[in-house]
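Good morning, and thank you for coming. I should like to take you through one structure, which is now on the screen.

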Amino acid sequence: MSAGGWIRPCHRWTAIVFTLTVLANFVARALQGGEPPAWITYAPLPALFLLLLTGLTMFVQPYIARRRSGKPLLHA
């Protein structure tokens with residue numbers, strides 16, 4: 001696996017964790033009939049932050065690779 005090859009699987013698994021925590025949040029709200037505890041409400045935020053970091057990293061990778069190879073960013 002390349003140096004940046006861990007980012008895509010990490011992003012995928014983090015997306016799964018994020019989805020599960022959001023679903024747990026909705027289930028807790030439905031079962032409790034009101035506001036759930038704060039730890040359930042804020043549980044998706046760490047996964048969301050990791051999704052932001054890994055997503056931005058994957059977005060920037062092609063531009064960094066092009067810059068290192070010496071190819072121009074825009075084709076005329």
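Let me begin with a definition: a contact, or one residue touching another, means heavy atoms within 4.5 Å. With that in place, consider T54, which touches I7, C10 and H11, leaving aside residues up to four places away in sequence.

Before going further, I should state what we are looking at. This is a predicted model, in which local features need pLDDT of at least 70 and side-chain atom pairs count only at pLDDT 80 or more, while totals for chains, interfaces and linings use all residues. Residues are numbered from 1 along each chain as its sequence is written, and side-chain values use heavy atoms, with hydrogens and water left out.

First, the overall arrangement. The protein has 3 helices and 0 strands, where helices (H or I, at least four residues) and strands (E, at least two) are DSSP runs numbered from the N terminus. Read from the N terminus, the order of elements is α-α-α. Of the contacts with a separation of 6 or more, 53% join residues that are 24 or more positions apart. Of the 76 residues, 17% count as buried; buried means under 20% relative accessible area, exposed over 50%, and partly exposed in between, with a 1.4 Å probe and protein chains only. The accessible surface comes to about 6,100 Å², and carbon and sulfur atoms hold 72% of that area. These areas come from the Shrake-Rupley method with a 1.4 Å probe, and for residues only the protein chains shown count as cover.

I turn now to helix α1. This helix covers residues 7-32, 26 residues in number, and reaches 37 Å from its first C-alpha to its last, close to the 38 Å expected at 1.5 Å a residue. The expected span is 1.5 Å times one less than the number of residues. Which residues of α1 are buried? They are I7, T14, T21, N25 and A28. The cover over these buried residues includes α2 (38-41) and α3 (44-69). After α1 comes G33, with a positive phi near 75 degrees.

Within α1, T21 deserves a closer look. A polar atom of the T21 side chain lies 2.8 Å from the backbone oxygen of F18. A polar contact here is a pair of N or O atoms within 3.5 Å; within protein, one must be able to donate a hydrogen and the other to accept it, and residues adjacent in sequence count only if both atoms are side-chain atoms. Beyond the residues up to four places away in sequence, T21 touches A43 and P44.

Next, the face that α3 presents to α1. A47 is in helix α3 and counts as buried because its relative accessibility is 8%. With residues up to four places away set aside, A47 touches T14, V17 and F18. L51, also placed in α3, is buried, with a relative accessible area of 14%. Its contacts, on that basis, are H11, T14, A15 and F18. The C-alpha atoms of L51 and W13 are separated by 9.5 Å, although the two residues are 38 apart along the chain. T54, with which I began, belongs to α3 as well, and its relative accessible area of 6% makes it buried.

Parts of α3 are more open to solvent probes in this calculation, L56 being partly exposed at 45% relative accessibility. Together, F49, L50, L52, L53 and L56 make a nonpolar surface patch of about 460 Å². Patches are made of residues with over 30% relative accessible area and no salt bridge; like charges are joined within 9 Å, and nonpolar side chains (Val, Leu, Ile, Met, Phe, Trp, Tyr) within 5 Å.

Finally, charge pairing. Side chains of opposite charge can pair when their charged atoms come close. How many salt bridges are there, if one is a side-chain nitrogen of Lys or Arg within 4 Å of a carboxyl oxygen of Asp or Glu? The count comes to 1. R29 pairs with E35, the closest N and O atoms being 3.3 Å apart. R29, in helix α1, is partly exposed at 31% relative accessibility, whereas E35 is exposed at 54%. R29 also touches G34, P36 and T41, among others, not counting residues up to four places away in sequence.
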